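Subject: Handover of a structure and summary of findings

Dear colleague,

Please find below the structure I am passing on to you. My findings follow directly after it.

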Amino acid sequence: QVQLVESGGGLVQAGDSLRLSCTASGLTFSYYSMGWFRQAPGKEREFVGAISWSGNITYYADSVKGRFTISRDNAKNTVYLQMNSLKSEDTAVYYCASDPSSPGTTGYDYWGQGTQVTVSS
């Protein structure tokens with residue numbers, strides 16, 4: 001079965017950096033666009049960013065543009081979310097998801113279990 005497993009979350013201070021990883025199994029990873037989402041306590045899940053199957057196209061939410069970078073290594077079935085200049089409002093559970101079509105904010109079929117990121121101010 002398809003599994004997406006996130007890792008790399010933790011507690012950091014404002015201004016710090018953190019890199020999340022998401023490793024996929026049970027699917028042909030290089031055929032899928034991948035996305036990152038997050039959900040803060042009491043809020044709806046929101047789109048963070050996405051990357052095309054080749055890695056040539058990326059999209060970001062305005063709230064993270066210029067601070068977060070998505071990349072992927074198809075040989076390792078892994079997508080990354082590099083988060084720099086973290087702010088307290090970035091505190092959330094971060095999820096990765098797979099999309100069999102072009103990268104965007106919707107259309108994701110498989111989801112990971114999430115990893116907690118907490119940014120203290």
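Ring pairs join F37, F47, Y108 and W111 into a cluster. Please note that the model is a predicted one. In total, the structure holds four aromatic pairs. In one of them, the ring centres of F37 and F47 are 5.6 Å apart and the ring planes stand at 75°, so this pair is edge-to-face. The contact links distant parts of the chain, with F37 in strand β4 (residues 33–39) and F47 in strand β5 (residues 46–51), 10 residues apart.

F37 also pairs with Y108, again edge-to-face, at 5.0 Å centre to centre and with 85° between the planes. Here, too, distant parts of the chain are linked: F37 belongs to strand β4, while Y108 lies in the loop between β9 (92–99) and β10 (110–111), 71 residues apart.

Are these rings buried or exposed? The limit for a buried residue is a relative accessible area under 20%. F37 has a relative accessibility of 6% and therefore counts as buried. F47, at 16%, is buried because its value is also under 20%. Y108 has 11% and so counts as buried as well.

Two arginine residues sit over aromatic rings. R45 lies over the face of W111, a member of the ring cluster, at 3.8 Å from the ring centre. R72 is placed over the face of F29, at 4.4 Å from the ring centre.

Turning to the strands, I would draw your attention to an open sheet of four strands in the order β1-β3-β8-β7, with antiparallel pairing. Its edge strands are β1 (3–7) and β7 (68–73), each of which pairs on one side only. From one strand to the next, the twist averages 15°. As a general point, strands of a sheet pair through backbone hydrogen bonds, either parallel or antiparallel.

Within this sheet, which strand pairs with β3 over six bridges? The partner is strand β8 (residues 78–83), which runs antiparallel to strand β3 (residues 18–25). One of the residues involved is L20, whose bridge partner in β8 is L81.

For your own inspection, the two topics above may be viewed separately: the cluster formed by F37, F47, Y108 and W111, and the open antiparallel sheet of β1, β3, β8 and β7.

With kind regards

Definitions and conventions:
Residues numbered from 1 in each chain as written. Predicted model: local features only at pLDDT ≥ 70, side-chain atom pairs only at ≥ 80, totals over all residues. Heavy atoms only, no water. Phe/Tyr/Trp six-rings, centres within 6.5 Å; stacked < 30°, edge-to-face > 60°. Helix = DSSP H or I, 4+ residues; strand = E, 2+ residues; numbered from the N terminus. Buried < 20%, exposed > 50% of the residue type's maximum accessible area, 1.4 Å probe, protein only. Lys NZ or Arg CZ within 6 Å of the ring centre and 35° of its normal. Pairing = 2+ DSSP bridges. Axes fitted to C-alpha atoms, helices over the stretch in contact; angles between N-to-C directions.
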